[in-house]
Amino acid sequence: MAVDRILKDEASEEKGERARMATFIGALAIVDLIKTTLGPKGMDKILQSTGRGHNVTVTNDGATIMKSLHIDNPAAKVLIDISKTQDDEVGDGTTSVVVLAGELLREAEKLVAMKIHPMTIISGYRMAAEYAHSVLLKKVFDNKQDADKFRADLMNIARTTLSSKILSQDKEHFANMAVDAVMRLKGSTNLESIQMIKKPGGSLIDSFLDEGFILDKKIGVGQPKRIENANILVANTAMDTDKVKIYGARVRVDSMAKVAEIEGAEKDKMREKVKKIISHGINCFVNRQLIYNFPEELFADAGILAIEHADFDGIERLALVTGGEIASTFDNPESVKLGHCKLIEEIMIGEDKLIHFSGVEMGQACTIVLRGASEHVLDEAERSLHDALCVLSQTVNDSRVLLGGGWPEMVMAKEIDELARRTPGKKSHAIEAFSRALQAIPTIIADNAGLDSAELISKLRAEHHKEDSTAGIDVITGAVGDMAALGISESFKVKQAILLSATEAAEGLLRVDQIIRCAPRRREDRM
């Protein structure tokens, strides 16, 4: 009896078989939940939060679904983590990575039932993954040198990424936008300088890419509506001290005249500050905080456009884009970097007025304005476009490209099968299992499209036994199609990340033989 009392009262532990069962079951439950979102015919999920306002998210993005699930099962949490990592690393393939890891575990479960030790399975998986990686490396094509071809590759990748998302109907339009935006970045993967503004109204096809920078603000009253060759001072400073602020400050005075004197002094202080700001030789002043009527008046008299309350994202990006810095003191004008742009004007999008900065210093910057029927549609469009932008910016750096549509999985599966036949010992079972897990991805893509997956996959396998086949699943016609002709491409970097993360996650879960849960902390009664 004494031995059992190591853990606290309510702590639970599961050992050996039970623990392994729990990890497998948790992982498979997650996979079955998320696998219906895979591929061009994947469906969306509605996630409703239990918080105030019961926010509803409609999404197809694996990482978003995963982030919003609150799950008790430890194995499922591991899968959620890899999908988050995939989202941060490369931005796309969040669903695939979970599905692959889950399928690897599903296969492992059968092997464990055949009395093969988990460590043997792991070393088999390791071999298979490394081999698969080397196979992919041989099959990639790279058009970095030929600009037109490379752009065509990027367009194909963008179309492929978007075709499983809400934007699939207008994917030409959005793929073009995404490629333009990423090409402007000239190889940096910093997506900060691509800004997205969501404006409800219109339809998705009305979305457009704007060369300049758009600030979601109105221009104040009595101020110039357009400025050419603007010098912009971006600031974060308080411009609201022309009244006495009384927050428990006690001012004892003999008469009202004295209060007026204090206010006068404050006004003069403000006037000084505005003078200092004007002395920078600017004609546009953007402030993060309030600007009261008095200083605003002074700015308007000086012919300076003053914009108050620019949100923080907006102002950081504006400083980045115009080449200025955010200033908060104005005593020595020569040390402050001003931002520049050719033209500032007010534009209308839908019902709203916005301020548009064009001809900005940093040619990389641009703004994507999304229009759509409702907030949910816009949020989902933003997520989809963000996925596409991430993948494209990664591809611009690492320009190796693969075909899509289940082609890479089938290529890897075929080669891994041959490896399994060459490998002696029990490992070969694990290697074979790896190839079956890889084939699950095209199978699921076919299933989601309502096609006969068994039939299709066997056809596909036969195709792939010919040399250099480019066959994959063409979901639209529901048959085996030529991926190269259809222009379905994927970024090598994404595939590589999926392969490696999924294998590692599956290994991590296979090593588990015991799950220990801590006892909940008791709340002492303080009465």
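Of the 527 residues of the protein chain, 49% count as buried in this predicted model. The secondary structure of the chain comprises 16 helices and 19 strands, and the C-alpha trace extends over about 95 × 75 × 40 Å along its principal axes.

The analysis of open space begins with the pockets. The largest pocket has a volume of about 830 Å³, and its lining is made up of 43 residues, with Gly39, Pro40, Thr160, Ser163 and Ser164 lying nearest its centre. Several elements contribute at least two residues each to this lining, namely helix H4 (94-113), helix H6 (147-162), helix H11 (375-397), helix H13 (427-448), strand E16 (471-474), strand E18 (489-491) and helix H16 (492-510). The largest share, 4 residues, is that of H6. By class, the lining of the largest pocket divides into 13 nonpolar, 19 polar and 11 charged residues.

The second largest pocket, with a volume of about 300 Å³, is lined by 13 residues, of which Gln195, Asp311, Asp313, Gly314 and Arg317 are placed nearest its centre. Strand E5 (194-200) and helix H10 (312-322) each provide at least two residues of this lining, and H10 accounts for the largest share, with 5 residues. The lining of the second largest pocket consists of 4 nonpolar, 2 polar and 7 charged residues.

Enclosed space was examined in the same structure, which holds 2 cavities of 30 Å³ or more. The largest cavity has a volume of about 50 Å³ and is lined by Lys139, Val411, Lys414, Glu415, His464, Lys466, Asp468 and Ser469. Helix H12 (residues 407-422) supplies the largest share of this lining, 3 residues, and the division by class is 1 nonpolar, 2 polar and 5 charged residues. The second largest cavity holds about 30 Å³ of space, and the residues around it are Leu100, Glu409, Met412, Leu438, Lys495, Ile498 and Leu499. Both H12 and H16 give at least two residues to the lining of this second cavity, the largest share, 3 residues, coming from H16. In the lining of the second largest cavity, 5 residues are nonpolar, none is polar and 2 are charged.

Among the charged side chains, a search of the whole structure finds 26 salt bridges. One of them links Lys15 to Glu13, with the closest N and O atoms 3.6 Å apart; Lys15 is exposed, its relative accessible area being 52%, whereas Glu13, at 35% relative accessibility, counts as partly exposed. Another pairs Asp32 with Lys35, the closest N and O atoms being separated by 3.5 Å, and here Asp32 is partly exposed at 38% relative accessibility, as is Lys35 with a relative accessible area of 24%. In helix H8, Arg271 and Asp268 lie 3 residues apart, about one turn of the helix, and they form a salt bridge in which the closest N and O atoms are 3.3 Å apart. Arg271 counts as partly exposed at 35% relative accessibility, and Asp268 is partly exposed with a relative accessible area of 43%. Beyond individual pairs, salt bridges that share partners join Asp32, Lys35, Glu103 and Arg106 into one network.

Nonpolar side chains also appear at the surface, where Val251, Val253 and Ile262 make a patch of about 200 Å². Ile262 is located in helix H8 (residues 256-278) and has a relative accessibility of 31%, so this residue counts as partly exposed; residues enter a patch only with over 30% relative accessible area and no salt bridge.

A contact between residues distant in sequence was also examined. Glu89 and Cys390 are 301 residues apart in sequence, yet their C-alpha atoms are 8.8 Å apart in space. Glu89 belongs to helix H3 (residues 74-89), and Glu89 is exposed because its relative accessible area is 51%, given that exposed residues are those over 50%.

Methods
Residues are numbered from 1 along each chain as its sequence is written. This is a predicted model: local features need pLDDT of at least 70, side-chain atom pairs count only at pLDDT 80 or more; totals for chains, interfaces and linings use all residues. Side-chain values use heavy atoms; hydrogens and water are left out. Patches are made of residues with over 30% relative accessible area and no salt bridge: like charges are joined within 9 Å, nonpolar side chains (Val, Leu, Ile, Met, Phe, Trp, Tyr) within 5 Å. Accessible areas come from the Shrake-Rupley method with a 1.4 Å probe; for residues, only the protein chains shown count as cover. A salt bridge is a side-chain nitrogen of Lys or Arg within 4 Å of a carboxyl oxygen of Asp or Glu. Buried means under 20% relative accessible area, exposed over 50%, partly exposed in between (1.4 Å probe, protein chains only). On a 1 Å grid over the protein atoms alone, a cavity is a set of points where a 1.4 Å probe fits but cannot get out, and a pocket is an open set with protein on both sides within 12 Å along at least five of seven lines; lining residues have an atom within 4 Å of a point. Grid points are joined across faces, edges and corners, and a volume is the space filled by probe spheres set on the points. Ala, Val, Leu, Ile, Met, Phe, Trp, Tyr, Cys and Pro count as nonpolar, Asp, Glu, Lys and Arg as charged, and the others, Gly among them, as polar.
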